[in-house]
Amino acid sequence: MFSLLRRLGDALRPRPEPISDERWQAVVTACALLQPLDAPQSQRLREFCARFLADKQFVALAGAELSAQRCLLIAAQACLPVLELDYDYLRGWYQVLVYPDEFHMRNEHHDEETGVVTDVEDSRIGEAWDYGPLVLSWADIEHDLADPHSGYNVIIHEIAHKLDMRCGAANGIPPLPPGLPRSEWKRTFQQAYEAHQAAVDAGEEALLDADAAESPDEFFAHAAEAWFSNPALVAAAMPAVAELLRRLFRPGRDPASA
Ligand SMILES: [Zn+2]
């Protein structure tokens with residue numbers, strides 16, 4: 001039944017349109033994170049991007065401006081984390097919503113001490129739900145493009161959440177390839193997460209933002225964006241975490257070149 005639905009879904013999906021050399025070159029020039037890819041990786045990413053653009057509906061909200069090239073820039077960074085995994089990791093959701101800048105989300109806040117639930121409005125630069133849309137602030141995407149090795153990348157952060165949610169609840173453990181034991185991942189990330197929490201509580205400098213101390217899934221998303229943006233920085237601060245991220249995202253690669 002599932003495979004029948006899937007075949008039907010595949011048949012209904014628009015055919016990917018090949019991306020011209022000119023458009024691809026412009027995206028590689030604009031996005032420094034794509035520049036270290038070798039020719040076969042770049043070609044595979046280009047094919048993934050064509051599928052992403054065919055699969056996902058891009059929606060500009062609140063006056064955001066979206067051009068074909070901006071959509072391709074988003075697609076390229078969204079596909080980068082799954083380049084060595086499988087495009088299917090990006091299946092099961094259908095929209096990319098783009099705001100011009102930070103956006104506000106209404107959320108319920110549960111006070112653990114009083115049990116009182118209040119409605120709060122949070123400002124966000126990105127958001128991802130299981131089976132739901134990817135929501136992004138264009139201004140923050142532009143910041144990441146202008147300062148690509150800062151350790152931040154909002155698109156990769158949200159895609160890391162999407163990967164994490166693929167195997168049940170978000171818990172900081174994405175689907176792992178054979179040869180990467182779940183127990184090893186869990187132990188290494190738990191230790192690093194606790195060390196980060198302790199550093200934040202003590203007011204010490206830490207590689208990742210204080211937000212990463214909120215939960216194991218936030219820690220994983222922050223670590224993943226930092227690793228793609230600046231792998232050497234993560235390797236220096238958290239070598240065991242960096243090595244696991246390399247084995248997940250770049251299997252078979254020399255650790256020195258991440
Ligand atoms: Zn997050």
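**Exercise 1. Identify the buried residues of α10 and the helices that they pack against.**

Solution. In α10, the buried residues (under 20% relative accessible area with a 1.4 Å probe and protein chains only; over 50% is exposed, and in between is partly exposed) are V241, A242, L244, L245, R246, L248 and F249. These buried residues pack, through contacts (heavy atoms within 4.5 Å), against α6, α7 (182-201), α8 and α9 (231-237). Helices here are DSSP runs of H or I with at least four residues, strands are runs of E with at least two, and both are numbered from the N terminus. The model is predicted, with local features needing pLDDT of at least 70 and side-chain atom pairs counting only at pLDDT 80 or more, while totals for chains, interfaces and linings use all residues. Residues are numbered from 1 along each chain as its sequence is written, and side-chain values use heavy atoms, with hydrogens and water left out.

**Exercise 2. Work out how α6 is placed in the structure, and what caps its N-terminal end.**

Solution. Begin with burial: 11 of the 11 residues of α6 are buried, so this helix is largely enclosed by the rest of the structure. Among them are V154, I155 and I156 at the start of the list, and L163 and D164 at its end. Next, look at the partners, where the buried residues of α6 pack against the helices α4 (68-79), α5 (138-146), α8 (216-229) and α10 (239-249), and also against the strands β5 (126-128) and β6 (134-137). Finally, the N-terminal end of α6 is capped by N153, which has a side-chain oxygen 3.2 Å from the backbone nitrogen of I155.

**Exercise 3. Describe the site of the zinc ion: its protein donors, their spacing in sequence and its geometry.**

Solution. The protein donors (N, O and S atoms within 2.8 Å of the metal, or 3.2 Å for Na, K and Ca; water is not among the atoms, so sites may look incomplete) are NE2 of H157, NE2 of H161 and, listed twice, OE of E218. They lie 2.1 to 2.4 Å from the zinc ion. Along the sequence, the donor residues follow the spacing H-x3-H-x56-E. The two histidines, H157 and H161, both lie in α6 (residues 154-164) and are four residues apart, about one turn of the helix; both are also buried. The angles among the four donor atoms run from 54 to 146°, and the site is irregular. That word covers whatever is neither tetrahedral (four donors, all angles between 85 and 135 degrees) nor square planar or octahedral (four or six donors, respectively, with opposite donors over 155 degrees apart and all others between 65 and 115).

**Exercise 4. Trace the strand pairings of β2.**

Solution. Strands pair if DSSP finds at least two bridges between them. Strand β2 (residues 95-99) is joined by four bridges to β1 (residues 57-60), and these two strands run parallel; within this pairing, Q95 is the bridge partner of Q57. Four bridges also join β2 to β6, again in a parallel arrangement, and here V96 stands opposite L134 of β6.

**Exercise 5. Compare the surroundings of E127 and Y152.**

Solution. E127 has its place in strand β5 and is buried, with a relative accessible area of 11%. Leaving aside neighbours within four places in sequence, E127 is in contact with F103, M105, P133, L134, V135 and E158. Y152 lies in the loop between α5 and α6 and is partly exposed, at a relative accessible area of 37%. With the neighbours within four places in sequence again set aside, Y152 is in contact with D144, D209, E225 and S229. The side chains of Y152 and D209 are joined by a polar contact of 2.6 Å, a term for a pair of N or O atoms within 3.5 Å; within protein, one must be able to donate a hydrogen and the other to accept it, and residues adjacent in sequence count only if both atoms are side-chain atoms.

**Exercise 6. Locate A62 and Y131, and state the sign of phi in each.**

Solution. A62, in the loop between β1 and α4, has a positive phi near 50° and counts as exposed at 62% relative accessibility. Y131, in the loop between β5 and β6, has a positive phi near 65° and counts as exposed at 64%. For context, most residues other than glycine have a negative phi.
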